Amino acid sequence: MGPVGAALSVADADRLTAFYSYPESYPDTAPGDPRGCWVRANMITSLDGTATADGRSGGLGGAGDRALFALLRAAADVILVGAATVRTENYSGAQPTAAQRQARTSRGQAEVPPIAVVTRSGDLDPGSRLFTRTTVPPLIFTAASGAATVRRRLGSAAEVLDASGANPDSVDPAVVLRILSERGLWRVLAEGGPTLLSQMLAAGLLDELCLTVAPVLVGGTGPRIVDGPHRVHQRMRRTHVLADDDGYLYTRYVKGD
């Protein structure tokens, strides 16, 4: 990978980390304020704007994208994802390397970032990799109306949290971030899906987008990286564009004025 005029290898973790560092500090907010979280989304798209190939975002990825995926996970306090993406992509818990674990503890972070799943229904298979291939239990953010049932069904395999706002039958993204903020998990990495990102964007809670552009044309009617009924016009400011020898582009944008 490299910015214009400079070579950069995916193996050069220190330089890549500098390109994707979280803010050193964040504006002072009261404990539990959702604005105390910095929400970074990481997504991939084809050249023609499709977020999946053969139904999965992983079908668009390459070696550089996978390396960046791991690096962004290693930097985050928590990985936030929607239940549909968990099922489609067959999610497991984060698996940082020994070096990444050591770096995390030196920064005052837990060795392994938990996966936090947003699900109104709580329809998750307790035998899936999310629960069986992880070193830390996932956090399940669900609606108040069904939280007790989900808690009984998943037992000790997960921590189930009521994340409803005014509507007990839905999950409020601001409540999710408030709970994460209260736990000191302010470096949030949102990995989709498109519906969750649409909700976050509509609520003004998305601070940053890391978007990989795959050198592939897909066609068809696949989803966009943000897909939902909410219409917004959020200006973003580019911080960098990197490229690799396979033709992938790696862009980073932060919220503009």
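Let me start with the largest pocket, which holds about 1200 Å³ of space. Its lining counts 48 residues, and those closest to the centre are Ser-57, Thr-85, Glu-89, Tyr-91 and Glu-191. Before going further: this is a predicted model. Which elements each supply at least two residues of that lining? They include strand 1, residues 38-45, and helix 2, together with helix 3, residues 83-89, and helix 8.

Now a residue next in sequence to one of those names. Arg-56 is in the loop between strand 1 and helix 2. Is Arg-56 buried or exposed? Neither, quite: with a relative accessibility of 37% it counts as partly exposed, because that class lies between the 20% limit for buried and the 50% limit for exposed. If we set aside neighbours within four places in sequence, Arg-56 is in contact with Thr-88 and Glu-89. Glu-89 was also on the list of residues closest to the pocket centre. For a sense of distance, Arg-56 and Asn-42 are 14 residues apart in sequence, and their C-alpha atoms are 15 Å apart in space.

Next, Asp-77. You will find Asp-77 in the loop between helix 2, residues 63-75, and strand 2, residues 78-82. Why does Asp-77 count as buried? Its relative accessibility is 6%, and buried means under 20%. What does its side chain reach? On one hand, the side chain of Asp-77 makes a polar contact with the side chain of Gln-109, at 2.7 Å. On the other, the side chain of Asp-77 reaches the backbone nitrogen of Trp-186 at 3.2 Å. Beyond four places in sequence, the residues in contact with Asp-77 include Arg-104, Pro-113 and Pro-114, and also Gly-184, Leu-185 and Arg-187.

On to another loop. Gly-204 is between helix 8, residues 194-202, and strand 7, residues 208-213. At 41% relative accessibility, Gly-204 counts as partly exposed. Gly-204 and Gln-234 are separated by 30 residues in sequence, with 8.6 Å from C-alpha to C-alpha.

That brings us to the strands. Strand 7 pairs with strand 9 in the antiparallel sense, over six bridges. One pair to look for is Val-213 with its bridge partner in strand 9, Leu-249. Strand 9 also has a second partner here: seven bridges join strand 8, residues 236-243, to strand 9, residues 249-255, and these two run antiparallel as well. Met-236 stands opposite Lys-255 of strand 9. How many residues lie between strand 8 and strand 9 in their hairpin? There are five, and in the turn Gly-247 has a positive phi of about 95 degrees.

Last, the record. An unreviewed UniProt entry places the feature "domain: Bacterial bifunctional deaminase-reductase C-terminal" at residues 38-249. Across residues 38-249 the chain is 28% helix and 21% strand. The C-alpha atoms at the two ends of that stretch are 23 Å apart.

Key: Residues are numbered from 1 along each chain as its sequence is written. This is a predicted model: local features need pLDDT of at least 70, side-chain atom pairs count only at pLDDT 80 or more; totals for chains, interfaces and linings use all residues. Side-chain values use heavy atoms; hydrogens and water are left out. Helices (H or I, at least four residues) and strands (E, at least two) are DSSP runs, numbered from the N terminus. Buried means under 20% relative accessible area, exposed over 50%, partly exposed in between (1.4 Å probe, protein chains only). A polar contact is a pair of N or O atoms within 3.5 Å; within protein, one must be able to donate a hydrogen and the other to accept it, and residues adjacent in sequence count only if both atoms are side-chain atoms. Contact means heavy atoms within 4.5 Å. UniProt positions are given in the numbering used here, feature names are shortened, and annotations may be inferred rather than shown by experiment. Two strands pair if DSSP finds at least two bridges between them. On a 1 Å grid over the protein atoms alone, a cavity is a set of points where a 1.4 Å probe fits but cannot get out, and a pocket is an open set with protein on both sides within 12 Å along at least five of seven lines; lining residues have an atom within 4 Å of a point. Grid points are joined across faces, edges and corners, and a volume is the space filled by probe spheres set on the points.
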